[in-house]
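The following paragraphs lead the reader through a protein model. Please keep the sequence and the coordinates at hand while reading.

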Amino acid sequence: VVYTVWAAIWVTWNIFIICFYLEVGGLSQDSELLTFSLSQHRSWWHEHWPGCLHKEVPAAGLGAPHGQALVSGAICALEPSSVEALHSGLQILIALLGFVCGCYVVSVFTEEEDSCLRK
């Protein structure tokens, strides 16, 4: 039961992420919504996507902790926001599969309890 609740929450979160990166409903990637103004790194995929050529700039001052480099200019074969949305979509599919399996397991256990009570 706990897993099915978690899967529903996870689906909801990933729907929000898709809307955020595709800028649906007034959401903007330029906002500090996901980073809480603590980091200038906005997308893991933007910095680590294998199809991107990066030009790294050394961190200056308090901008990036532990000497991390910020990506100032990246040329990508596929937009990182699209990759974020696809990644979240895949997670939604997996979570929905887990949700259906969780509901099935809950129904099997509930059915077994009912059959024990009838005897």
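Leaving aside neighbours within four places in sequence, with which residues is Ala95 in contact? The model, which is a predicted one, gives the following reply: Ala95 is in contact with Ala7, Trp10 and Val11. Ala95 belongs to helix α3, and Val11 is listed among the buried residues of α1. Along the sequence Ala95 and Val11 lie 84 residues apart, yet 6.5 Å separates their C-alpha atoms in space. With a relative accessibility of 6%, Ala95 counts as buried, because that value is under the 20% limit for this class.

The setting of this pair may now be described. The protein comprises 3 helices and 2 strands, and the order of these elements from the N terminus is α-α-β-β-α. Helix α1 covers residues 2–21, helix α2 residues 44–48, strand β2 residues 70–76 and helix α3 residues 80–118. Of the contacts with a separation of 6 or more, 51% join residues that are 24 or more positions apart. Buried residues account for 23% of the 119 residues. The exposed area of the protein is about 8,600 Å², and 68% of this area is supplied by carbon and sulfur atoms.

Confidence should be considered before the details. The mean pLDDT of the protein is 74, and 55% of the residues score at least 70. The highest confidence in the protein is found in α1, at 90, and the lowest in strand β2, at a mean of 54. Over residues 64–72 the pLDDT falls below 50; this stretch nevertheless has 18 contacts in the model beyond near neighbours in sequence.

Helix α1 is a suitable place to continue. It contains 20 residues and spans 29 Å from its first C-alpha to its last, which is close to the 28 Å expected at 1.5 Å a residue. Its buried residues are Thr4, Ala7, Val11, Asn14, Ile17, Phe20 and Tyr21. Several of these names return in the contacts of helix α3, to which both Ser88 and Gln91 belong.

Ser88 has a relative accessible area of 3% and is therefore buried. Apart from its neighbours within four places in sequence, Ser88 is in contact with Asn14, Ile17 and Ile18. The C-alpha atoms of Ser88 and Val11 are separated by 8.7 Å, although these positions lie 77 residues apart in the numbering of the chain. Gln91 is likewise assigned to the buried class, with a relative accessible area of 18%; the assignment follows because buried means under 20%. Outside the range of four places in sequence, Gln91 is in contact with Trp10 and Asn14. For Gln91 and Trp10, 81 residues apart along the chain, the separation of the C-alpha atoms is 8.3 Å.

Other positions of α1 are open to the surroundings in part. Phe16 lies in this helix and counts as partly exposed, at 26% relative accessibility. Its C-alpha atom is 9.5 Å from that of Leu27, a residue 11 positions away in sequence. Ile9, also found in α1, is partly exposed with a relative accessible area of 46%. Ile9 takes part in a nonpolar surface patch of about 540 Å², together with Val1, Tyr3, Val5 and Trp6. Why can Ile9 be counted in such a patch? Membership requires over 30% relative accessible area, and Ile9 qualifies on this criterion because its value is 46%.

What backbone feature does Glu23 show just after α1? Glu23 takes a positive phi of about 55 degrees, although this residue is not a glycine. Glu23 is placed in the loop between α1 and α2. With a relative accessible area of 42%, Glu23 is partly exposed.

Taken together, these details relate two helices to each other. Residues of α3 such as Ala95 meet Ala7, Trp10 and Val11, while Ser88 meets Asn14, Ile17 and Ile18. Asn14 also appears among the contacts of Gln91.

Note on methods: Residues numbered from 1 in each chain as written. Predicted model: local features only at pLDDT ≥ 70, side-chain atom pairs only at ≥ 80, totals over all residues. Heavy atoms only, no water. Patch = residues over 30% accessible without salt bridge, like charges linked within 9 Å, V, L, I, M, F, W, Y side chains within 5 Å. Areas by Shrake-Rupley, 256 points an atom, 1.4 Å probe, with all protein chains shown as cover. Salt bridge = Lys/Arg side-chain N within 4 Å of Asp/Glu carboxyl O. Helix = DSSP H or I, 4+ residues; strand = E, 2+ residues; numbered from the N terminus. Buried < 20%, exposed > 50% of the residue type's maximum accessible area, 1.4 Å probe, protein only. Contact = heavy atoms within 4.5 Å. Expected span 1.5 Å × (residues − 1). pLDDT = per-residue confidence, 0-100.
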